[in-house]
Amino acid sequence: MKRRTVIVGAAVGLAVQLVPSVLAGKLKKTVSEFYGQENITAGRVHLKTPPLAENGNSVSLVVEVDSPMTEKNYVQEIRIFADKNPVPNLASYRLSPDSGKAKVATRIRLSNSQIIVAVARMNDGTLWSGSSETIVTLAACVEPLL
Amino acid sequence: MKARISIPAQANKGDVLEIKTLVSHPMHSGFRRDAIGALVPRDIIKVFRCEYRERVVFEAEFGPGTAANPFLSFYIRADRSGEVKFIWVDQHGEQTEQVKLLEVVDKIK
């Protein structure tokens with residue numbers, strides 16, 4: 001029992017350490033430029049994009065945040081960032097307790113293979129993040145419109 | 001802008017419903033070129049709003065990174081019967097509005 005606790009603890013510790021390290025370089029700059037000095041914790045946000053996208057012009061994205069969505073505890077806002085896009089701030093969604101469920105699906109454009117980050121702001125002001133990586137074989141913005 | 005909305009017509013009170021919307025719009029990002037190499041000017045929808053019980057329950061802000069014909073799926077909690085209003089506003093301020101009726105019934109048993 002004790003050994004299991006130790007192993008689980010170590011695994012959780014490793015996971016917590018791994019996630020923020022994904023937010024490296026320019027992406028970290030993009031996100032922190034937006035939120036300034038505010039502290040962003042990795043977790044609670046589940047971002048899903050396909051691992052491989054054939055066409056960057058339309059990539060499905062699903063973001064879900066762990067939240068009971070009650071008057072007292074809900075997700076206020078979700079923002080999506082992709083720093084290799086010409087405009088890294090992809091979209092933002094404002095939710096309310098009437099949403100019932102903090103889940104949004106949409107289709108985005110990606111100009112390059114990259115890591116996409118979603119940051120959620122709770123009604124208590126805390127920020128949480130999740131990320132996902134997509135490899136794009138045909139980027140958006142390159143081919144001419146016919 | 002032509003919009004298509006999928007929302008159940010009837011729901012039990014307290015149910016969380018998925019709403020799907022699709023609006024036809026090219027969403028020109030302003031970064032692409034046409035066949036003769038000229039830059040296609042940016043033309044995008046900026047804001048989408050869903051109102052229910054005279055309150056904004058969901059709002060989305062789009063950038064050029066949203067795919068053409070913006071698709072959105074989100075959720076609302078059914079509380080009482082009434083109108084659910086969907087509004088899209090493009091960068092020129094042009095609005096498209098659609099209203100759906102939602103009937104909320106008390107849970108059967």
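**Exercise 1.** Is F86(B) buried or exposed?

*Solution.* Keep in mind that we're working on a predicted model.
- Step 1: look up the relative accessible area of F86(B), which is 0%.
- Step 2: compare with the cut-off; buried means under 20%.
- Step 3: F86(B) is therefore buried.

**Exercise 2.** Work out what kind of aromatic pair F48(B) and F86(B) make, and what the pair connects.

*Solution.*
- Step 1: the ring centres of F48(B) and F86(B) sit 6.4 Å apart, and the planes make an angle of 20 degrees.
- Step 2: planes under 30 degrees apart count as stacked, and that's the label this pair gets.
- Step 3: now place the two rings. F48(B) belongs to strand β4 (residues 45-52) of chain B and F86(B) to strand β7 (residues 82-90) of chain B, so the pair links distant parts of the chain, 38 residues apart.
- Step 4: check the cover on the other ring; F48(B) is buried too, at 0% relative accessibility.
- Step 5: zoom out. F48(B) and F86(B) are in one aromatic cluster with F58(B), F74(B), W88(B] and, from the other chain, Y93(A).

**Exercise 3.** Classify the pair F34(A) and Y35(A), then say how exposed each residue is.

*Solution.*
- Step 1: over all chains there are nine aromatic pairs.
- Step 2: in the one made by F34(A) and Y35(A), the centres are 5.1 Å apart and the planes stand at 70 degrees, so call it edge-to-face.
- Step 3: F34(A) has a relative accessible area of 38%, so it's partly exposed.
- Step 4: Y35(A) has just 5%, so it's buried.

**Exercise 4.** Trace the six-stranded open sheet and find its edges.

*Solution.*
- Step 1: write down the order, β2(A)-β4(A)-β7(A)-β6(B)-β3(B)-β1(B), with antiparallel pairing.
- Step 2: the ends are β2 (45-48) of chain A and β1 (2-6) of chain B; each has a single partner strand, so one side of each lacks a neighbour in the sheet.
- Step 3: on average, neighbouring strands are turned by 15 degrees against each other, direction ignored.
- Step 4: find the crossing between chains. β7 (residues 103-108) of chain A pairs with β6 (residues 71-77) of chain B, antiparallel, over two bridges. T106(A) has L72(B) as its bridge partner there.

**Exercise 5.** Decide whether chain B is a compact globule or more spread out.

*Solution.*
- Step 1: count elements; chain B has zero helices and eight strands.
- Step 2: its radius of gyration is 17 Å, well over the 13 Å that the globule rule gives for 109 residues, so chain B is more spread out than a compact globule.
- Step 3: look at the box too, roughly 65 × 20 × 20 Å along the principal axes for the C-alpha atoms of chain B.

Conventions: Residues are numbered from 1 along each chain as its sequence is written. Chains are lettered from A and ligands numbered from 1 in the order in which they are written. This is a predicted model: local features need pLDDT of at least 70, side-chain atom pairs count only at pLDDT 80 or more; totals for chains, interfaces and linings use all residues. Side-chain values use heavy atoms; hydrogens and water are left out. Two strands pair if DSSP finds at least two bridges between them. Helices (H or I, at least four residues) and strands (E, at least two) are DSSP runs, numbered from the N terminus. Axes are lines fitted to C-alpha atoms, for helices over the stretch in contact, and angles run from 0 to 180 degrees between N-to-C directions. The radius of gyration is taken over C-alpha atoms; the globule rule is 2.2 Å times the number of residues to the power 0.38. Rings of Phe, Tyr and Trp (its six-membered ring) pair if their centres lie within 6.5 Å; planes under 30 degrees apart count as stacked, over 60 as edge-to-face and the rest as tilted. Buried means under 20% relative accessible area, exposed over 50%, partly exposed in between (1.4 Å probe, protein chains only).
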